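The questions below go through one protein chain, and each answer works toward a single value or name. The structure comes first.

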Amino acid sequence: DTNLMEHTVMMMEQEREKIRLLNDALKRIYDGTFGICEICGDNIQPARLDAIPYVSNCFDCTVRMEDKKRKQRR
């Protein structure tokens, strides 16, 4: 079934992306930058890191980036 194959491929791609993000987080742990926003340099909120351990940007910067992307699509 084509739909099942497409769904499986999509799930595999999502898992690969999550592994890449986790590896990036491990690199940040090793280089001492884990928990620091890559955009503004402030500390990422602990609750955000608890929810998404591989996140690399604080909530405010993420919202600003998403708003900017939305405006560009219009």
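Q: Is Arg 20 buried, partly exposed or exposed, and at what relative accessible area?
A: This is a predicted model, in which local features need pLDDT of at least 70, side-chain atom pairs count only at pLDDT 80 or more, and totals for chains, interfaces and linings use all residues. Residues are numbered from 1 along each chain as its sequence is written, and side-chain values use heavy atoms, with hydrogens and water left out. Buried means under 20% relative accessible area, exposed over 50%, and partly exposed in between (1.4 Å probe, protein chains only). Arg 20 is therefore partly exposed, with a relative accessible area of 40%.

Q: What is the mean pLDDT of the chain?
A: pLDDT is the predictor's confidence in each residue, from 0 to 100. Here 100% of the residues score at least 70. The chain average is 95.

Q: Which element has the lowest mean pLDDT?
A: Helices are DSSP runs (H or I, at least four residues), as are strands (E, at least two), numbered from the N terminus. Among the elements of the chain, α2 has the highest mean, 96. The lowest, 93, belongs to helix α3 (residues 59–73).

Q: Which residue meets the side chain of Arg 20 in a salt bridge at 2.6 Å?
A: A salt bridge is a side-chain nitrogen of Lys or Arg within 4 Å of a carboxyl oxygen of Asp or Glu. The partner and Arg 20 are 3 residues apart in helix α1, so about one helical turn separates them. The partner is partly exposed, at 36% relative accessibility. The N to O distance of 2.6 Å is to Glu 17.

Q: Which residues are linked in a network of salt bridges?
A: The structure holds 4 salt bridges in total. One of them joins Arg 20 to Glu 17. The network is made of Glu 17, Arg 20 and Asp 24.

Q: What is the N to O distance in the salt bridge between Glu 38 and Arg 28?
A: The side chains of these two residues meet at 3.8 Å. The pair links distant parts of the chain, Glu 38 in the loop between α1 and α2 and Arg 28 in helix α1, 10 residues apart. Glu 38 is exposed at 52% relative accessibility, whereas Arg 28 is buried at 8%. The distance asked for is 3.8 Å.

Q: Which residue pairs with Asp 67 in a salt bridge?
A: The two residues are 3 apart in helix α3, which means a separation of about one helical turn. Asp 67 is partly exposed at 30% relative accessibility, and its partner is partly exposed at 41%. The N to O distance is 2.5 Å, and the partner is Arg 70.

Q: How many disulfides does the structure hold?
A: A disulfide is counted as a pair of cysteine sulfur atoms within 2.5 Å. The sulfur of Cys 37 is 3.7 Å from its closest cysteine sulfur, in Cys 61, which is too far for a bond. The sulfur of Cys 61 is 3.6 Å from its closest, in Cys 58, so that pair is also too far for a bond. The number of disulfides is 0.

Q: What is the relative accessible area of Cys 61?
A: Cys 37 counts as buried, at 3% relative accessibility. Cys 61 is also buried. The value for Cys 61 is 2%.

Q: Which residue does the side chain of Thr 62 contact at 2.9 Å?
A: Thr 62 is in helix α3 and is buried at 14% relative accessibility. A polar contact is a pair of N or O atoms within 3.5 Å; within protein, one must be able to donate a hydrogen and the other to accept it, and residues adjacent in sequence count only if both atoms are side-chain atoms. The polar contact of Thr 62 is with the side chain of Arg 48.

Q: How far apart in space are Asp 1 and Ile 36, C-alpha to C-alpha?
A: Asp 1 lies in the segment before α1 and is exposed at 72% relative accessibility. Asp 1 and Ile 36 are 35 residues apart in sequence. In space the distance is 45 Å.
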